[in-house]
Each structure stands twice: as structure tokens, then as C-alpha cells.
Amino acid sequence: MIEARGLTKRFGSKLAVNQVSFTVLPGQVTGFLGPNGAGKSTTMRMILGLDRPTAGHVTVNGRHYSRLAAPLREVGALLDAKSVHGGRSAHHHLLCLAQSNGIPRERVDEVLDMVGLQAVARKPTRGFSLGMGQRLGIAAALLGDPAVLMFDEPVNGLDPEGIHWIRGLMRKLAAEGRTVFVSSHLMSEMAITADHLVVIGQGRILADTDMQDFIDRNATSHVLVRSPQMSELGPLMAARGWRVEMVADLSLKVFGARAAEIGDLAADHGMRLHELATVQPSLEEAFMQLTGDVVEYHAGLPEPPPPPPPLGDAPAPPGNGDLP
Amino acid sequence: MSDKTPHDPTPDDAAPNGAAPNGAALEDTRPSRRGMEDTKPRRPAPRELTPRASFANVLLSEWTKIRTVKSTFWTLLSGAAVVVGFSALFALAFTSSYDDLPPAERATVVPTSPMQIAFYFGMVIFGVLGVLVITGEYATGMIRTALTAMPRRPEYLLAKAVVLALVVLVAGLVVSFLSFFVSQAVLSAKNLDGSLGDEGVLRAVIGGGLYLTLIALLALGVGVILRHTSGSVVTVFLVLFVLGIVGGFLPGEWGATIAKYLPSNAGGAILLPRAEEGSLEPWTGLGLFALYALVVLVVALVLFQSRDA
Ligand SMILES: Nc1ncnc2c1ncn2[C@@H]1O[C@H](COP(=O)(O)OP(=O)(O)OP(=O)(O)O)[C@@H](O)[C@H]1O
Ligand SMILES: [Mg+2]
């Protein structure tokens with residue numbers, strides 16, 4: 001479990017992380033999503049005690065990182081850049097890390113095996129490709145068999161096979177009951193791996209939501225219906241069990257129905273339709289809209305940070321349309 | 001505690017060979033999202049207390065680090081080559097010019113004179129090793145990995161210093177004795193040689209090893225403070241080599257007094273069997289040098305503790 005409270009980091013005049021609070025729970029993959037420069041890596045470095053917070057605090061398993069008895073046995077982290085001495089072999093790199101935390105040396109070969117680097121284990125890591133470097137970083141994270149894992153942009157530089165592998169790995173780690181915290185700037189990536197989503201933009205938390213809610217809200221296609229007889233058509237559609245959302249006076253978003261069904265329904269009741277369109281918003285768009293708003297978002301707003309947009313709310317259950 | 005860990009994170013269900021390159025990017029590897037809440041196996045009992053990473057663990061780790069990069073071997077080898085080689089060379093210079101020296105200068109030639117000069121030329125190389133053990137980590141980003149493994153920074157730096165000191169002490173003693181014996185062999189041609197039994201000679205030779213150790217530690221401190229290899233090496237070179245020479249040009253009695261206290265002049269005093277005109281007492285000099293190194297290391301520790309890695 002990772003708990004951040006009011007975490008803030010200032011670099012000179014740049015407020016990289018601003019009053020960030022969130023909790024990462026065990027047993028699920030929590031995605032940490034934000035555009036470039038949003039403050040993901042900085043937040044992760046603060047969790048690991050590498051960067052000192054300007055304000056606020058963060059704990060792992062209830063303790064400040066530097067108070068962990070044997071950190072590698074409790075937390076495994078893949079940092080954003082290849083953070084390895086290039087002159088040392090992969091084997092020796094992992095060996096010195098294992099030794100520092102009293103981890104048996106057999107574990108080094110085990111993790112090298114897991115990430116598929118045994119063939120190059122004795123080669124200096126400076127010759128490693130980006131993907132091999134990532135694999136080595138992941139091996140280091142797994143070394144102490146920790147209950148908490150953090151991955152900063154783990155799919156960076158991995159080939160499709162590697163991407164598939166790391167996704168499976170993260171799911172498996174979470175299924176084992178571990179805390180898995182993974183950053184990315186790709187919504188599509190998060191949609192595939194994460195159960196929970198923490199969205200950060202310009203150093204602020206924009207959303208802290210269940211992935212399913214986020215998808216329900218943003219990725220389900222809906223049908224845009226415009227009709228001069230909406231006051232009658234609306235209740236008819238809601239009665240069918242479709243979720244209906246008001247857009248403007250005479251137009252509605254309808255979830256859970258196909259355009260053809262709506263057209264037929266209107267025809268059956270002799271109602272006129274002025275527009276009937278299927279809308280397919282991508283998660284990526286939803287994310288960009290969310291983070292794109294950030295600048296104006298905190299421009300006129302006072303401290304403390306405003307509540308995130310209504311992404312965290314549970315969507316209305318189907319059949320219970322929010323009709324006027 | 002048993003090494004048997006409660007989990008085996010092998011991603012066996014995600015065998016890499018099963019993925020079609022184009023399908024992989026979109027494949028949902030989750031077990032159906034909706035029904036997961038109930039079936040998700042929770043972490044069982046809280047794990048037993050993990051043993052604290054001890055200082056001995058960190059020492060062992062630092063030992064592995066220093067012996068598994070080639071730069072350690074090469075800096076020590078070149079340092080040894082320069083010190084031992086120059087000892088022979090200057091011993092040769094002393095023997096060949098001895099007859100032409102005025103009596104007053106002849107009196108200043110002692111058995112350890114060649115190695116004292118050789119140390120002056122070779123010492124910076126041992127400093128380079130001290131710099132590299134830390135700037136090598138900053139340059140590659142290894143420092144961040146290392147500090148996640150050992151976030152107690154004073155302990156981390158202390159372990160690094162201890163391992164560096166032990167390595168350079170052993171190498172330094174070997175170099176010092178070699179340099180002594182090689183130069184004595186050359187000096188014996190003119191009967192200028194001495195033996196370890198002579199007054200102050202054994203102390204000078206052992207002191208040479210200690211001096212190189214302190215140089216490496218001072219350089220480690222400089223490396224921690226500057227975090228940059230080239231900048232740190234240049235700084236060490238300026239402080240030890242250049243400053244010592246500049247000291248010789250300082251005018252008057254006042255200048256001579258200052259010169260005695262400059263780092264490499266103070267430290268180099270240990271290499272003489274007896275204190276000479278213009279140098280501190282051997283142990284006083286080396287003690288002062290140790291103090292300089294300590295001050296640098298304390299500053300380094302304070303910065304290391306407070307800065308972002
Ligand atoms: N050491 C530093 N000194 C000064 N500014 C920094 C430092 N580290 C990060 N920043 C700034 O803080 C902001 C957040 O950076 P951070 O690396 O945390 O973003 P990120 O979300 O990880 O982005 P990316 O997706 O590109 O990795 C950026 O504007 C960056 O320029
Ligand atoms: Mg980043």
C-alpha cells in the first residue's frame with residue numbers, strides 16, 4: 001500500500017507536483033496516468049525517497065521509504081531511465097543489489113531467468129538495448145519478491161512480445177495480492193492493464209477512479225438523438241432500460257442502445273427524429289480532454305485543489321436515466 | 001528467516017512466445033474485469049518481519065560493486081605503474097647526479113626521496129578511483145537504483161568509504177613497498193640506499209599506503225560534492241598537484257609556512273624518515289591531511305543527505 005498526502009515538489013519556480021494525495025491499494029494494478037511532464041516520475045521518486053518532498057509526505061506499507069528495514073524486500077521499482085552502471089554485467093548489477101538487502105544470490109539467476117536475460121547476464125549492460133535495459137530494471141524490481149511494485153513507463157522500448165509479457169506480469173503480481181503502481185502517458189495502455197486509475201496533469205490529481213467507471217463513462221459508444229418531441233421520446237427510451245443523458249434541450253445521449261433500435265422506436269410511435277448518430281469516443285480522447293483542460297482548470301481556482309471532474313462518480317445504473 | 005518467499009512472480013501464464021506481434025498491442029490480459037472483485041486472491045497473512053539490511057550487507061554489496069567494474073583495476077594498475085616507475089626513474093636521477101650535487105643538497109637525499117617525488121606524480125590517480133566510485137554512479141543513474149536499495153544515505157556513503165579505503169590501503173601498501181624496494185635497488189649503486197630497519201623508514205613506507213588511502217577518501221568526498229567525473233578529477237588535481245607546486249613559489253617566510261600546510265605538502269611529509277626544513281612532522285602532516293579529508297567528507301555527507309538523488 002502506498003499513501004501520499006499533500007505531496008508537493010518544487011524545482012526552482014517549477015511546481016512539478018502539487019498537493020497530491022492518493023492511495024494505491026494492494027491486489028490491483030493502479031495506473032498512474034498523465035501527459036509528459038505531468039509529474040509522474042517525480043512522484044515516484046518521492047515515494048522511493050530519492051527526491052525530498054517540498055511539502056507533504058508519502059509512506060509505503062505505512063512507513064517512510066527510508067525506514068523500511070530491507071527496502072528491496074518490500075518495494076521493487078523500475079525507474080524511468082536505465083539506472084545501471086554500464087560497465088558492470090547484469091549479473092553483478094543484480095548481485096550487488098541482492099547483497100545490500102541480504103537477498104540470497106540464487107535469486108539473481110532466478111530473476112534473470114524470469115526476464116529472459118540469462119544469455120547476456122555476463123555482458124556489460126552498456127551494450128544493452130532499451131528493451132533489455134527495461135528487462136534488467138524489472139529483474140531488479142522483482143529481486144526481493146516485494147509486496148509493492150512500482151513501474152515507471154515499463155513498456156518503454158519493449159517490443160510487442162515484451163509488452164505482452166509485462167502486462168501479464170503486472171496482472172499476475174496484482175492477482176497475487178501485491179500492490180502494483182504503474183505509470184504511463186498512454187491511456188490505451190492503462191485501459192488494458194489497470195484496474196484503478198490515478199490521473200495527474202501539471203502536478204495535480206485530476207481523477208482517482210476505478211478503471212471500469214472510467215471506461216463506462218468514456219469509452220462506451222452512445223447514440224446522439226435529437227428530436228423536437230424529446231419530452232415524449234425521452235421517457236420512452238428510458239422505459240426500455242437505456243441510460244439517457246440530457247445534452248441540450250432537444251438532444252439526448254443514449255447509452256446501451258443501437259441507433260437502429262432508437263430509430264425503430266421513434267417510428268413505432270410516429271415521432272420525428274432530427275438527428276440520430278452513433279458516437280464512439282476513444283479513451284485517449286477522454287484522457288486528452290481531461291488533461292488538456294488543466295491549464296484553465298487551475299488558473300482561476302483557489303487552493304486547496306478543486307475536486308476532480310466527476311469521473312470518480314459511479315455512473316448511473318442502466319435503466320435509471322437521469323431525465324429531467 | 002527462511003529464504004522461501006511466499007510468492008513466485010514468474011509470469012508463467014504470460015509466456016512471451018504466445019503473443020502475436022500485431023495482436024499483442026490490443027490484447028486484454030485481464031481476467032474478466034467485472035467478476036474479478038470476488039475471485040481475486042488477497043495477499044494472505046502479513047509477511048513475517050524482513051531482516052533489516054545490515055551494514056555488513058551494504059559493505060558486501062559495495063565490495064561487489066568496486067571489484068566488478070574495470071575502472072577499479074585500471075586506475076590501481078596505472079597508479080602503481082606511475083608510482084613504482086617514477087620511483088625507479090628518480091632513483092636513477094639521484095644516483096647519476098649525486099656526484100655533481102653540492103654537499104648541502106647531498107645531505108637532503110634520503111632513501112625515500114625518489115618515492116616521495118614519485119608519489120607526488122602518482123597520487124592523483126588514486127584520487128581518480130575515489131572520484132569514480134561515486135561519480136560513476138551519478139553519470140549512469142546507478143545512484144538512484146543504489147539508493148532505493150539502501151535509502152539510509154549516511155550508511156551507504158560510509159560503506160562506500162570503508163570499502164574504498166580498504167581496497168586502496170591494500171593496493172597503496174603494495175605500491176609503497178614496491179616503490180621503496182625498487183628505488184633502493186637503484187640507489188644501492190651509489191650506496192644511497194637504506195633499509196626498512198633504518199630510523200623512520202618503515203613508518204614512511206607504511207605511511208605512503210595510508211596517504212594514498214586518505215587521498216582516495218578525499219577524492220570520494222569531492223566526487224560526492226561535485227557529482228561529475230571530469231570536474232571532480234580536475235578539482236582533485238588542482239588541490240593536490242597544482243596547489244602543492246604553487247606553494248613552492250609563495251614568497252618569503254610567510255609563504256614557506258603556508259606551503260607546509262597545503263594538502264599534498266602536509267600529506268607528503270609522511271614519506272620522509274625525518275622531518276625536514278620546510279615540512280611538517282610526518283604524523284602531524286598526515287594527520288592534517290586526514291583532517292582535510294574528513295572536512296571534505298563531512299561536507300559531502302551533509303550535501304548527500306539533503307540533495308535529491
Ligand atoms: N530534477 C529536476 N529539476 C528541475 N525540474 C525537474 C526535475 N525533474 C523534473 N522536473 C520537471 O518537473 C516536471 C515533472 O517531471 P516528471 O519527470 O515528473 O514528469 P513525468 O510525468 O514523469 O513525464 P514523462 O511522461 O515525460 O516521463 C517537468 O516539468 C520537469 O521538467
Ligand atoms: Mg517520467
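**Entry 1: around ligand 1**

I began with the surroundings of ligand 1 in this predicted model, and I noted that of the 13 residues around the ligand, Gly37(A), Gly39(A), Lys40(A), Ser41(A) and Thr42(A) come nearest. I then looked up individual atom pairs: a polar side-chain atom of Thr42(A) lies 2.5 Å from an oxygen atom of ligand 1, and a polar backbone atom of Gly39(A) is 2.9 Å from an oxygen atom of the ligand. For Lys14(A), I found an N or O atom of the side chain at 3.4 Å from an oxygen atom of ligand 1. The protein covers 63% of the 640 Å² of accessible area that ligand 1 has on its own. I also asked which elements give two or more residues to the shell around the ligand, and they are β2 (14-24) and α1 (40-47) of chain A. The largest share, four residues, comes from α1(A).

**Entry 2: chain A as a whole**

I next turned to the whole of chain A, in which I recorded twelve helices and 13 strands. Of its 324 residues, 58% are buried, and its accessible surface comes to about 12400 Å², with 53% of that belonging to carbon and sulfur atoms. When I looked at contacts between residues at least 6 apart in sequence, I found that 70% of them join residues at least 24 apart.

One residue I followed up was Thr179(A), which lies in strand β7 (residues 179-184) of chain A. Is Thr179(A) buried or exposed? Thr179(A) counts as buried because its relative accessibility is 2%, and the cut-off for buried is under 20%. Leaving out residues up to four places away in sequence, I listed its contacts, among them Met1(A), Val24(A), Pro26(A) and Val148(A).

**Entry 3: salt bridges**

I kept in mind that side chains of opposite charge can pair when their charged atoms come close. A search of the whole structure finds 20 salt bridges over all chains, and I looked at several of these.

- Arg45(A) pairs with Asp51(A), their closest N and O atoms being 3.0 Å apart, and both residues are buried.
- Arg63(A) and Glu74(A) meet at 3.9 Å, N to O; I placed Arg63(A) in the loop between β4 (55-60) and α2 (71-74), and Glu74(A) in helix α2, eleven residues apart. Arg63(A) is partly exposed at 35% relative accessible area, whereas Glu74(A) is buried at 9%.
- Lys65(B) pairs with Glu137(B), again with the closest N and O atoms 3.0 Å apart; the pair links helix α3 (residues 55-67) to helix α6 (residues 113-140) of chain B, 72 residues apart, and both residues are buried.
- Asp145(A), Lys172(A), Glu176(A) and Arg178(A) are linked in a network of salt bridges.

**Entry 4: two places in chain B**

I looked up Leu271(B), which is found in the loop between α12 (263-268) and α13 and is buried, with a relative accessible area of 1%. Beyond its neighbours within four places in sequence, its contacts include Thr112(B), Phe119(B), Ala204(B) and Tyr211(B).

My last look was at a nonpolar surface patch of about 520 Å², made by Leu291(B), Leu294(B), Val295(B), Val298(B), Val299(B) and Val302(B). Of these I checked Val295(B), which is in helix α13 (residues 282-306) of chain B and is partly exposed, with a relative accessible area of 49%.

Notes:
Residues numbered from 1 in each chain as written. Chains lettered and ligands numbered in written order. Predicted model: local features only at pLDDT ≥ 70, side-chain atom pairs only at ≥ 80, totals over all residues. Heavy atoms only, no water. Patch = residues over 30% accessible without salt bridge, like charges linked within 9 Å, V, L, I, M, F, W, Y side chains within 5 Å. Areas by Shrake-Rupley, 256 points an atom, 1.4 Å probe, with all protein chains shown as cover. Salt bridge = Lys/Arg side-chain N within 4 Å of Asp/Glu carboxyl O. Buried < 20%, exposed > 50% of the residue type's maximum accessible area, 1.4 Å probe, protein only. Contact = heavy atoms within 4.5 Å. Near = heavy atom within 4 Å. Polar contact = N/O pair within 3.5 Å; in protein donor to acceptor, adjacent residues only side chain to side chain.
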